[in-house]
Each structure stands twice: as structure tokens, then as C-alpha cells.
Amino acid sequence: MSKFAVIDCGTNTFHLLIAQPKPEGGFSTIYRERRFIKLAEDGIQRIGKNAYQRALSALEAYAQKINEYQVAATRVSGTAALRTAENGPQFVAEVKAKTGLEIAIIPGKEEAQLIYEGVRQAIGPQEAPWMVMDIGGGSVEFIIVDQTGVKWFESFPVGVAVLYKKLHQTEPISSIEIEQTRLFLKSKLVDLELALSRFPTHHLVGAAGTFDVIANILGTVRPTPHCDEVALDGFENLYQRILSANQEERHTMTDIPDDRADMIVVAMILVKLVLKIAKVEKLTVSRFSMKEGMLAQMLAEQEKS
């Protein structure tokens, strides 16, 4: 059976997923890998020299894996950092020349749609409306869904790399910076508040990334093999523990991956704000996100052809 590969070139992380379709629907994973690239470590306007090299090396390694597994078709998507970086087109051209991989830079709304497709597979049908939140390095996507389908979606350029660079200057983060971050986010997420007044939902589905960390610490049950229910009553203690620690202390916390220890502070401020705005009563974490949505789209197109 044919194998398919997708690569999600995110602002913080590059993901590779190689899979093959199952006869009964869905897919089985053959190989997956992620590398923390941090494209925006020198700012979102330009990919710095070190990040550029890390990204190039990752895609060269991914191209080798794709050849090794004799993949029939590959899709590569670039998101927020590659959308905004002035040397993004140069990077795309160099990747194609050195690896043969063609990166499609997708708009935020397409990114949101792909995230929804991935999350839907992970959590299964839901009776009540739900909202997906995917925290990236350069942008954050929200999708509001009910039984009839997607009601609203938007991508906001307030990813954790942006917040960290702009607002998190002291260690541990100061109370002034916490408030500045909160006010900045509130001003940027006005359209989200308006959407929630039109389509209220109290079920938040966090997609991968920071939410994986929250699920690993506060997860209670697994409704499906690819999602976790999270105990919301433990969130405030976790929030305080992370925000009161300096970066060195966060790196010693065994339940926080080293690669997330710097930006998890602003991510937690963002999550707490959204929990409040949406009056969230139920938090689910989806282990699937954009790359699984890309794969689902590829497989659907393959069936049609």
C-alpha cells in the first residue's frame, strides 16, 4: 500500500509524519519526528542565521527519511514565520534546490482548517459545540465547531515566539509583564470574544504543543486513543508554579520539556485568558493537529482521484 508524507514547518517546530491509509479509513503511522527549530528566535521579520541552518538541516534529514521509506506523495506546508520572514522566499527556494521538497506557504485560515481536520479525527463526534485552540510560535488558531460543522475560524499573529520576544523580559516574569501580556492579548483577541458571543461554547480543545504538556500533568482519562480530558481544577496551581519559576528552575522541572521551558510562561498566560473569555468548563487535549489534517486532506484527494 502507498505511503504518504506530510511536513509541517511551524514557527517553533518542524514535524514529519509518514503514514499509510487503512482499508477501513484513517491511517496508520509508520514514522514521525519533530525537531524544535525556533525560526523566530531573532524575531518574526527575518529567520536568523542559526535558525535558518537548523531548519535546512531538518528538512534535508526529513527528505532522506522520505526517500528511505519510498513515499508515494509528499506535502510540505509553511506557516506564520515563513509567511512573514523577509528571507522566507529565499529559504523556500534553497530547500527546493537542496532537497526537492516544495514548501507551500499557506494562509492562516487554511492553517486553521487543516488543524480542525486533524483534531476532528482525534476527538471524534461531539454533542455540544466546541472550540479548537492551536498555539504556534508565530500565530494562534481558533476554530468554533458545532454538529453542523465549522461556524467560525481565525488565525491571530500572537504566537508564543512573538509574545516571548515582545513581552517576557525578566526571570521569573514580573507581575507588570504578566499584566502587559494579558492586556496585549485581550486587545488582539477582540474578534474571538465577538465570535464567542455569537457562538458560545464552554468546551475547549487544545491542539498539541503547550497543551500536550498540560495533558501530561493534568490529564485524567482518554476518551479516544488520541485525546485526553484535563482536570481544570488543577490548572491554577500549575499556572502559578510555572509563572513563579525562573528559566533555570523551569528547565529542572521534569514534566516540562526543555525545548518548551522558555516560552511556556507566555503560553500559560494565553491559555488562562482564553479559559476565562470562553468560560471553559471542559478541556480536552488533542494529540492530532495540523499535520494529521494535512494527511487527511491528502488521503481524501487520493480517494477522489
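## Helix α6 against helix α11, and the surroundings of Asn12

The axes of α6 and α11, taken as lines fitted to C-alpha atoms over the stretch in contact, come within 10 Å and cross at roughly 55 degrees, on a scale that runs from 0 to 180 degrees between N-to-C directions. That makes α6 oblique to α11, since angles under 35 degrees count as roughly parallel, over 145 as roughly antiparallel, 65 to 115 as roughly perpendicular and the rest as oblique. The crossing of the two helices is right-handed, meaning that the near helix is turned clockwise from the far one by less than a right angle. The residues that make this contact (heavy atoms within 4.5 Å) are set out below.

| Helix | Residues in the contact |
|---|---|
| α6 | Ile178, Thr181, Arg182, Leu185 and Lys186 |
| α11 | Ile269, Leu270 and Leu273 |

By class, the contact of α6 with α11 has 5 nonpolar, 1 polar and 2 charged residues.

This is a predicted model, in which local features need pLDDT of at least 70 and side-chain atom pairs count only at pLDDT 80 or more, while totals for chains, interfaces and linings use all residues. Residues are numbered from 1 along each chain, and side-chain values use heavy atoms, with hydrogens and water left out.

Both helices also help to cover α5 (residues 160-167), whose buried residues have β6 (130-135), α6 (175-188) and α11 (264-277) among their cover. In α5, Val160, Ala161, Val162, Leu163 and Leu167 are buried (under 20% relative accessible area, 1.4 Å probe, protein chains only).

Val160 and Ala161 are also among the contacts of Asn12, a residue of the loop between β1 (4-9) and β2 (13-21). Asn12 is itself buried, with a relative accessible area of 11%, and its contacts beyond four places in sequence further include Arg35, Phe36, Ile37, Lys38, Gly137 and Met263.

Conventions
Helices (H or I, at least four residues) and strands (E, at least two) are DSSP runs, numbered from the N terminus. Buried means under 20% relative accessible area, exposed over 50%, partly exposed in between (1.4 Å probe, protein chains only). Ala, Val, Leu, Ile, Met, Phe, Trp, Tyr, Cys and Pro count as nonpolar, Asp, Glu, Lys and Arg as charged, and the others, Gly among them, as polar.
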